[in-house]
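Colleague: I'm new to reading protein models and would love to look closely at one part with you. Could you take me slowly through a single helix and what lies around it?

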Amino acid sequence: MRPEQQGVEVAVLVSVGRHPITGRARRADQDARGLELALGLERQLPGSRVSLLHAGPRGEESEAALRGYLGMGLESLTLLEQAEGSDAIPALAEHLAAAPPQLVITGARAERGEGSGLLPYALAERLGWPLVNGLAAVEKVENGVATLLQALPRGQRRRLKVRLPAIVSVDAAAPVARQSAFGPARRAELEATSVPAEPDRELAEWRLAPARKRPKRLKIVKAASARDRFKAAAAKAEGGSGQVLEGVSAEQGAEAILKLLNEEGVLR
């Protein structure tokens with residue numbers, strides 16, 4: 001007799017995104033893909049329930065962005081209200097530990113702030129839950145074990161089994177999010193709860209600036225004929241200044257990396 005698939009409690013962590021052209025607040029693309037995957041799981045496994053969770057300050061701009069998720073078909077969103085510059089991980093961990101869902105879905109990287117992609121890892125470490133990144137699909141859930149499809153480079157896929165509760169992160173391999181409906185988004189509720197805020201001291205020491213595209217180095221082609229110039233342009237670049245470090249200490253490796261970053265102008 002085959003075991004029956006079970007419905008699951010799914011919490012989707014969402015953030016306020018940033019439009020790459022205008023810079024305006026919007027729903028984050030990866031978080032919206034995570035919600036789309038959760039809604040598909042709700043149809044696939046009867047009895048499943050999906051909830052939305054966000055930690056951060058409440059403002060007119062951020063509220064409009066968060067309602068973009070609600071317009072995908074949900075009736076409410078839980079907002080853990082914090083001051084600007086607070087660390088979201090302690091508040092999220094405390095909320096999830098108080099009423100743990102079976103599956104937590106989050107985007108791989110935020111579009112604002114640090115954008116380091118470390119939140120799923122820090123949250124999994126704090127809760128002691130397993131973490132799977134690059135989720136493409138949830139195939140089934142049986143007896144507290146989820147069978148997941150993980151996206152790998154070059155379009156490959158890997159099937160994994162993980163014991164619930166677990167945290168999974170999604171990226172561009174997850175299904176594209178549906179459009180957000182304006183009417184349902186405005187009618188849905190934002191259930192705000194004030195939580196103790198821990199200042200993010202490390203972020204406070206950073207200096208944030210808009211990212212700029214760095215110019216690419218072009219090699220100078222010295223050739224007499226058009227054929228030679230074409231061959232030089234089509235040839236693969238050869239790494240002449242590379243260095244392979246073997247059998248060195250951690251300090252020596254760190255010094256070599258730091259030297260390279262300074263030479264390339266990454267560190268200023």
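Which residues of helix H3 (residues 88-98) are buried?

Modeller: Happy to help! This is a predicted model, in which local features need pLDDT of at least 70 and side-chain atom pairs count only at pLDDT 80 or more, while totals for chains, interfaces and linings use all residues. Residues are numbered from 1 along each chain as its sequence is written, and side-chain values use heavy atoms, leaving out hydrogens and water.

In H3, the buried residues are Ala-88, Ile-89, Pro-90, Ala-91, Leu-92, Ala-93 and Leu-96 (buried means under 20% relative accessible area, exposed over 50%, partly exposed in between, with a 1.4 Å probe and protein chains only; helices, H or I with at least four residues, and strands, E with at least two, are DSSP runs numbered from the N terminus). An α-helix has 3.6 residues a turn, so residues three or four places apart point the same way. At the N-terminal end of H3, Asp-87 acts as a cap, with a side-chain oxygen 3.2 Å from the backbone nitrogen of Ile-89 (a polar contact is a pair of N or O atoms within 3.5 Å; within protein, one must be able to donate a hydrogen and the other to accept it, and residues adjacent in sequence count only if both atoms are side-chain atoms).

What do those buried residues pack against? Their partners are strand S1 (9-13), strand S4 (49-56), strand S5 (76-81), S6 and helix H4 (119-127) (contact means heavy atoms within 4.5 Å). Let's visit some of these partners in turn.

Start with H4, where we find Leu-127. Leu-127 counts as buried because its relative accessibility is 18%. Leaving out residues up to four places away in sequence, Leu-127 touches Ala-93, Leu-96, Ala-97 and Ile-167. Ala-93 and Leu-96 are among the buried residues of H3. Leu-127 also gives a nice lesson about sequence and space: Val-138 is 11 residues from Leu-127 along the chain, yet their C-alpha atoms are 22 Å apart.

Next comes S4, the strand that holds His-54. His-54 is buried, with a relative accessible area of 7%. A polar atom of the His-54 side chain lies 2.9 Å from the backbone oxygen of Val-14. Beyond its neighbours within four places in sequence, His-54 is in contact with several residues, including Val-14, Leu-66, Leu-77 and Leu-79.

Strand S6 (residues 103-107) leads us onward, as 5 bridges join S6 to S11 in a parallel arrangement (two strands pair if DSSP finds at least two bridges between them). Ile-105 has Val-168 as its bridge partner in S11. On top of that, S11 pairs in the parallel sense with strand S7 (residues 131-132) over 2 bridges, where Leu-131 is matched with Ile-167. You met Ile-167 a moment ago, as one of the residues that Leu-127 touches.

Why is S11 (residues 166-170) largely enclosed by the rest of the structure? Because 5 of its 5 residues are buried. In a regular strand the side chains alternate between the two faces of the sheet. Here both faces are covered, with Ala-166, Val-168 and Val-170 buried on one side, and Ile-167 and Ser-169 buried on the other.
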